[in-house]
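User: I've got this model open at the bench and I'd like a close look at one part of it. Could you walk me through one of the sheets and what sits around it, then work outwards from there?

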Amino acid sequence: MDSALGNVLSCIGILVFGYLVSKYLLKIVRRMMEKANFDRTLQSFLLSVFQTIARLFIFLTALSSLGVGSTSIIAIFTTLGAAVSLGLKDSLSHLASGILILVNKPFKVGDWIEVDNVSGSVKAIQIFHTVLNTIDNQRVIVPNGSLVNDIIINETGESRRRLQLEFRIDYLNDYARVRDIISKIVINHRFSIKSEAPVIKINKISDNKVTIMLRVWCQTSDYYTLKFELLEEIYSAFKQENILFAHDEVNLYSKEVC
């Protein structure tokens with residue numbers, strides 16, 4: 001009885017002590033990787049692998065303290081292997097997908113991606129899933145399998161992006177004058193790439209409006225700042241120059257009832 005109680009207490013002690021030690025070692029490994037300028041994407045994945053292996057080792061050591069021999073442990077895992085593999089087939093698929101992500105590098109930690117109508121900044125690529133933070137700071141857990149099998153939009157995968165804006169104006173406006181106003185604002189903006197001339201063209205004409213399309217190149221990091229500032233500056237310039245915006249027409253009919 002005392003021996004059994006001692007084994008149980010020993011098992012609990014190993015689990016607690018092992019957890020604390022593995023947590024401490026994980027911090028040391030993380031610091032070493034950061035000092036060595038280790039790739040952030042590979043770093044998060046390897047730390048996740050290290051954590052999983054450490055927990056498995058602690059669990060096996062705790063079983064041994066209960067008097068379970070290594071042969072018995074192997075037999076138990078062999079017996080349960082088939083059932084566990086069936087139950088974890090999706091997890092194993094996500095593990096393989098995580099490795100494919102590291103090899104193919106469709107994105108890396110810090111990139112802004114969109115998958116399955118969810119977009120966010122990649123915070124970590126772990127064994128079975130990838131962690132995203134949305135623009136309003138929500139944490140999204142995406143299985144690695146989804147990232148391999150679905151279409152991914154990597155908004156920060158390239159160093160430069162082309163911004164496209166459209167402005168609907170009344171067809172009575174002078175198009176050449178409107179084009180000159182937009183061109184002057186874009187060319188003088190600090191974030192527009194001067195070596196790439198902006199494209200300003202009529203994109204669509206309808207009964208009561210003309211749609212003008214603007215395309216301008218910028219650095220990816222400046223994309224949204226350029227977008228918001230251009231919208232504000234062009235809107236203010238249109239108001240100042242009395243450029244008429246288009247409005248959707250609403251036709252009202254009245255019917256007299258005798």
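**The three-stranded sheet and its surroundings**

Analyst: Let's start with the sheet built from 3 strands, which is open and runs in the order S6-S8-S7, with antiparallel pairing. At its edges you'll find strand S6 (160-169) and strand S7 (199-205), each of them pairing on one side only. Neighbouring strands here are turned against each other by 25 degrees on average, direction ignored. Keep in mind that you're looking at a predicted model.

Now zoom in on S6 and its partner, strand S8 (residues 210-219): the two pair in the antiparallel sense over 10 bridges. To find the register, look for Arg-160, which stands opposite Gln-219 in S8. Then there's helix H7 (residues 223-240), which packs on the sheet and touches both S6 and S8. The direction of H7 makes about 25 degrees with that of S6.

Arg-160 is worth another look for its side chain. Its charged end sits over the ring of Trp-217, 5.3 Å from the ring's centre. Arg-161 has a ring of its own to lie over: the face of Tyr-223, at 3.8 Å from the ring centre.

Next, the aromatics. The structure holds 5 aromatic pairs. One of them is Phe-238 with Phe-245, a tilted pair with 5.6 Å centre to centre and 55 degrees between the planes. The two partners have different surroundings: Phe-238 counts as buried because its relative accessibility is 0%, while Phe-245, at 26%, counts as partly exposed. Both belong to a cluster in which ring pairs also link Phe-167 and Tyr-235.

Moving on to the other sheet, this one has 5 strands. It is open as well, in the order S4-S3-S2-S1-S5, and the pairing is antiparallel. Strand S4 (139-143) and strand S5 (152-154) stand at the edges with a single partner strand each, so one side of each has no neighbour in the sheet. From one strand to the next, the twist averages 40 degrees. On the S5 side, strand S1 (residues 112-115) pairs with S5 in the antiparallel sense over 3 bridges. If you want a landmark there, Glu-114 stands opposite Ile-153 in S5.

Two asparagines make a nice contrast to finish on. Asn-144 lies in helix H5 (residues 144-149), and with 0% relative accessibility it counts as buried. What does the side chain of Asn-144 join up with through a polar contact of 2.8 Å? That would be the side chain of Thr-130. Leaving aside neighbours within four places in sequence, Asn-144 is in contact with His-94, Ser-97, Gly-98 and Ile-101, and also with Gln-126, Ile-127, Phe-128, His-129 and Thr-130.

Asn-188, on the other hand, has its place in helix H6 (residues 175-188). This one counts as exposed because its relative accessibility is 58%, and exposed here means over 50%. The side chain of Asn-188 reaches the backbone oxygen of Lys-184, at 3.0 Å.

Note on methods:
Residues are numbered from 1 along each chain as its sequence is written. This is a predicted model: local features need pLDDT of at least 70, side-chain atom pairs count only at pLDDT 80 or more; totals for chains, interfaces and linings use all residues. Side-chain values use heavy atoms; hydrogens and water are left out. Two strands pair if DSSP finds at least two bridges between them. Helices (H or I, at least four residues) and strands (E, at least two) are DSSP runs, numbered from the N terminus. Axes are lines fitted to C-alpha atoms, for helices over the stretch in contact, and angles run from 0 to 180 degrees between N-to-C directions. Contact means heavy atoms within 4.5 Å. Rings of Phe, Tyr and Trp (its six-membered ring) pair if their centres lie within 6.5 Å; planes under 30 degrees apart count as stacked, over 60 as edge-to-face and the rest as tilted. Buried means under 20% relative accessible area, exposed over 50%, partly exposed in between (1.4 Å probe, protein chains only). A charge sits over a ring if NZ of Lys or CZ of Arg is within 6 Å of the ring centre and within 35 degrees of the ring normal. A polar contact is a pair of N or O atoms within 3.5 Å; within protein, one must be able to donate a hydrogen and the other to accept it, and residues adjacent in sequence count only if both atoms are side-chain atoms.
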